[in-house]
Number of protein chains: 2
Amino acid sequence: MAKSSPMLALDKVLHQPIRTQIAAYLASRGEATFTDLKNALALTDGNLDAHMKKLVQTGYIVSRKEGETVRPQTFYALSSEGKSAFDSYVKALSSILGIAS
Amino acid sequence: MAKSSPMLALDKVLHQPIRTQIAAYLASRGEATFTDLKNALALTDGNLDAHMKKLVQTGYIVSRKEGETVRPQTFYALSSEGKSAFDSYVKALSSILGIAS
DNA sequence: ACTATTTACTCTGAATTACAGAGTGTCAAG
DNA sequence: CTTGACACTCTGTAATTCAGAGTAAATAGT
């Protein structure tokens, strides 16, 4: 008999409590600042920084600096790679959990 | 103005790639042996053991030994606590990801 | 009957990750 | 000109994840 294929694994970068929420937040809002995220998710600075770093390193999130001479602020958003990774992640999850996407 | 309440956090025990799949597998199948899980999820022994240990410690999974004199086999299943934790987890995820549960 | 293999786990230790709090630089107010 | 807030970044520690080695019992082979 054919042995059933192993379940499709979940993206490790995205399937982590804080990062899933960052990605979801950005997916629905489009863009956010460090402080937006920090307040929305109730995180410490260091923790948020570490997760953003990983998301940027992975290529899922891009940042854009606004204001050269004034106090600069960074806006974060999902990259197109990040968007499609998030999409596939949601699909995989839906199928594993048996919910309608 | 009322500041929006922080997003509801995701259960750390359940929101981990392997454990989410173990819970989902048990939620749909009811019961499984160590080897069932190992094959279905394509895991190494040590890795599966570590995750099962955590799930049992947390109280989400209960084990039952079958066969006193014959080669014993352990069956794992979600406890009622595990079931409701999994339910809330799926609901929380659905609301965060904006999908219909 | 005795040895080898398989099954069903458990243990150990190394690598990676998650996180809090301290630190840095800039700006604005008193 | 000092104090405080904002926008991050860095560092160290604790916890987590994982593979492979180890153990014990049962079955298979000769």
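**Figure 1. Elements of both chains at DNA strand C.** The surface near DNA strand C draws at least two residues from each of α1 and α3 of chain A, and likewise from each of α2 (34-41), α3 and β3 (73-78) of chain B. Helices (H or I, at least four residues) and strands (E, at least two) are DSSP runs, numbered from the N terminus. The model is predicted: local features need pLDDT of at least 70 and side-chain atom pairs count only at pLDDT 80 or more, while totals for chains, interfaces and linings use all residues. Residues are numbered from 1 along each chain as its sequence is written, chains are lettered from A and ligands numbered from 1 in the order in which they are written, and side-chain values use heavy atoms, with hydrogens and water left out. With five residues, α3(A) gives the largest share of the surface near DNA strand C.

**Figure 2. Residues around DNA strand C.** Around DNA strand C there are 21 residues, of which R19(A), T44(A), G46(A), D45(B) and T74(B) come nearest; a residue is near a strand if one of its heavy atoms lies within 4 Å of it. Sugar or phosphate holds 63% of the atoms of DNA strand C within 4 Å of the protein, and the bases hold the rest. By class, this surface near DNA strand C comprises three nonpolar, 10 polar and eight charged residues. Ala, Val, Leu, Ile, Met, Phe, Trp, Tyr, Cys and Pro count as nonpolar, Asp, Glu, Lys and Arg as charged, and the others, Gly among them, as polar.

**Figure 3. Side-chain contacts with the backbone of DNA strand C.** N47(A) places a polar side-chain atom 3.3 Å from a sugar or linking oxygen of DNA strand C. The side chain of K54(A) has an N or O atom 3.5 Å from a phosphate oxygen of the strand. From chain B, a polar side-chain atom of T35(B) lies 3.2 Å from a phosphate oxygen of DNA strand C.

**Figure 4. Protein surroundings of DNA strand D.** DNA strand D is surrounded by 21 residues, the closest being D45(A), T74(A), R19(B), T44(B) and G46(B). Of the atoms of DNA strand D that come within 4 Å of the protein, 65% belong to sugar and phosphate. The surface near DNA strand D contains three nonpolar, 10 polar and eight charged residues.

**Figure 5. Phosphate contacts of chain B with DNA strand D.** Phosphate oxygens of DNA strand D lie 2.6 Å from a polar side-chain atom of R19(B) and 2.7 Å from one of T44(B). An N or O atom in the side chain of H51(B) is 3.0 Å from a phosphate oxygen of DNA strand D. Two or more residues of the surface near DNA strand D come from each of α2 (34-41), α3 (45-58) and β3 (73-78) of chain A and from each of α1 (17-29) and α3 (45-58) of chain B. The largest share of this surface, five residues, belongs to α3(B).

**Figure 6. Symmetry of chain A and chain B.** A turn of 180 degrees and a shift of 0.0 Å along the axis lay chain A on chain B with an RMSD of 0.0 Å, by least-squares superposition on the C-alpha atoms of residues with pLDDT of at least 70 in both. The two copies are therefore related as by a two-fold rotation axis. Among the residues of chain A, the C-alpha atom of A100(A) comes closest to the axis, at 2.8 Å.

**Figure 7. The interface of chain A and chain B.** The contact (heavy atoms within 4.5 Å) takes 28 residues from chain A and 28 residues from chain B. The copies meet through the same surface, because 100% of the interface residues of chain A are also interface residues in chain B. The chains bury about 2,100 Å² between them, 71% of it on carbon and sulfur atoms; the value is the accessible area (1.4 Å probe) that two parts lose on being put together, summed over both.

**Figure 8. Composition of the chain A side of the interface.** Zero salt bridges are found across the interface of chain A and chain B. Three residue pairs, both residues at pLDDT 80 or more, are in polar contact between the chains. On the side of chain A that touches chain B, α1 (17-29), α2 and α4 (80-97) each supply at least two residues. The largest share of this side, seven residues, comes from α4(A). The residues of this side are 20 nonpolar, seven polar and one charged. A polar contact is a pair of N or O atoms within 3.5 Å; within protein, one must be able to donate a hydrogen and the other to accept it, and residues adjacent in sequence count only if both atoms are side-chain atoms.

**Figure 9. A salt bridge in helix α3 of chain A.** D49(A) and K53(A) form a salt bridge, with their closest N and O atoms 3.4 Å apart. The term denotes a side-chain nitrogen of Lys or Arg within 4 Å of a carboxyl oxygen of Asp or Glu. D49(A) and K53(A) are four residues apart in helix α3 of chain A, so about one helical turn separates them. Over all chains, the count comes to six salt bridges.
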